[in-house]
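Reader: Hi! I have a structure open and would like to talk it through with you. Could you pull it up?

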Amino acid sequence: MIFTRFASPIDELLLLADGEGLRELRLAADGLADPESARRDDDALAEARDQLLAYLAGRRRSFSLPLAPGGSDFQRQVWAALLRIPWGETRTYGELARRIGREGAARAIGTANGANPLPLLIPCHRVVAADGLGGYSGGLALKRRLLELEGSLPG
């Protein structure tokens with residue numbers, strides 16, 4: 001396992017990867033200890049860093065990086081659906097549940113969203129509540145900022 005950490009417009013980010021791809025992106029990593037089970041390799045993760053920084057600067061709308069988030073079958077199904085939400089659009093938890101054939105599973109979708117180990121890269125911020133923003137593992141201020149960046153902040 002390798003990692004890098006870097007400053008970004010939204011705070012320091014910490015990115016972990018292995019031979020299969022990117023495993024985890026930790027938001028607000030300032031003050032977090034380096035992962036003990038990984039070695040730092042900034043060069044190996046330079047492309048991922050550059051794509052993330054370009055997205056946060058509004059110069060990139062999608063990522064072309066190998067993702068390996070792990071998770072349960074259901075979580076991976078939800079995360080795959082998140083990857084199909086285009087830049088600049090949102091879906092409600094209920095809409096996402098219907099799209100994956102899980103009518104009535106909006107809460108389970110929210111739980112899977114909250115467990116997403118690769119926020120930004122797997123755009124869980126694009127899922128909103130029927131009556132507002134809903135939650136976000138990085139906090140509502142960051143969710144609002146990301147949706148504003150994409151021009152998709154609801155009402």
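Reader: Let's start with charge. How many positive and negative side chains does the protein have, and how far apart do the centres of the two sets lie?

Author: Happy to help, and please keep in mind that this is a predicted model. The protein carries 20 positive and 20 negative side chains. The centres of those two sets lie 6 Å apart.

Reader: Thanks. What pattern does the protein follow along the sequence?

Author: Reading along the sequence gives β-β-β-β-α-α-β-α-α-β-α. In total there are 5 helices and 6 strands. The radius of gyration is 15 Å, close to the 15 Å from the globule rule for 155 residues, so the protein is as compact as a globular protein of that length.

Reader: And what does the C-alpha trace span along its principal axes?

Author: About 45 × 30 × 25 Å.

Reader: What share of the residues is buried?

Author: Buried residues account for 45% of the 155. As for the outside, the accessible surface is about 7700 Å², and carbon and sulfur atoms contribute 46% of that.

Reader: Changing topic: which domains does the assignment give?

Author: Domain 1 covers 2-57 and domain 2 covers 73-150. Their centres, taken over C-alpha atoms, are separated by 21 Å.

Reader: How many residues of each domain are in contact with the other?

Author: On the domain 1 side there are 11 residues, in contact with 14 residues of domain 2. For the protein as a whole, take the contacts between residues at least 6 apart in sequence: 57% of them join residues at least 24 apart.

Reader: Let's zoom in on helix H1. Which of its residues are buried?

Author: H1 runs over residues 46-56, and its buried residues are Ala46, Ala48, Gln51, Leu52, Ala54, Tyr55 and Leu56.

Reader: What do those buried residues pack against?

Author: They pack against three strands, S1 (2-6), S2 (13-18) and S3 (21-26), and also against helix H5 (140-149).

Reader: Which residue with a positive phi follows H1?

Author: Gly58, with phi near 80 degrees.

Reader: Which residues other than glycine have a positive phi?

Author: Two to look at are Asp11, with a phi of about 125 degrees, and Ala28, with a phi near 50 degrees. They are worth a glance because most residues other than glycine have a negative phi.

Reader: Where are Asp11 and Ala28 found?

Author: Both are in loops: Asp11 is between S1 and S2, while Ala28 lies between S3 and strand S4 (39-40). Asp11 counts as partly exposed at 32% relative accessibility, and Ala28 is partly exposed with a relative accessible area of 43%.

Reader: What about Arg61, is it buried or exposed?

Author: Arg61 is exposed, because its relative accessible area of 55% is over the 50% cut-off. Its place is in the loop between H1 and helix H2 (73-83).

Reader: Which residues does Arg61 touch?

Author: Leaving aside residues up to four places away in sequence, Arg61 touches Trp87 and Arg126. Arg61 and Ala112 are 23 Å apart in space, C-alpha to C-alpha, and 51 residues apart in sequence.

Reader: Last one: where is Gly139?

Author: Gly139 sits in the loop between strand S6 (127-128) and H5. At 25% relative accessibility, Gly139 counts as partly exposed. Its C-alpha atom is 21 Å from that of Pro69, and the two residues are 70 apart along the chain.

Key. Residues are numbered from 1 along each chain as its sequence is written. Side-chain values use heavy atoms; hydrogens and water are left out. Helices (H or I, at least four residues) and strands (E, at least two) are DSSP runs, numbered from the N terminus. The radius of gyration is taken over C-alpha atoms; the globule rule is 2.2 Å times the number of residues to the power 0.38. Buried means under 20% relative accessible area, exposed over 50%, partly exposed in between (1.4 Å probe, protein chains only). Contact means heavy atoms within 4.5 Å. Accessible areas come from the Shrake-Rupley method with a 1.4 Å probe; for residues, only the protein chains shown count as cover. Lys and Arg count as positive and Asp and Glu as negative; His and the chain ends are not counted. The place of a charge is taken as NZ of Lys, CZ of Arg, CG of Asp or CD of Glu. Domain bounds come from an automatic or database domain assignment.
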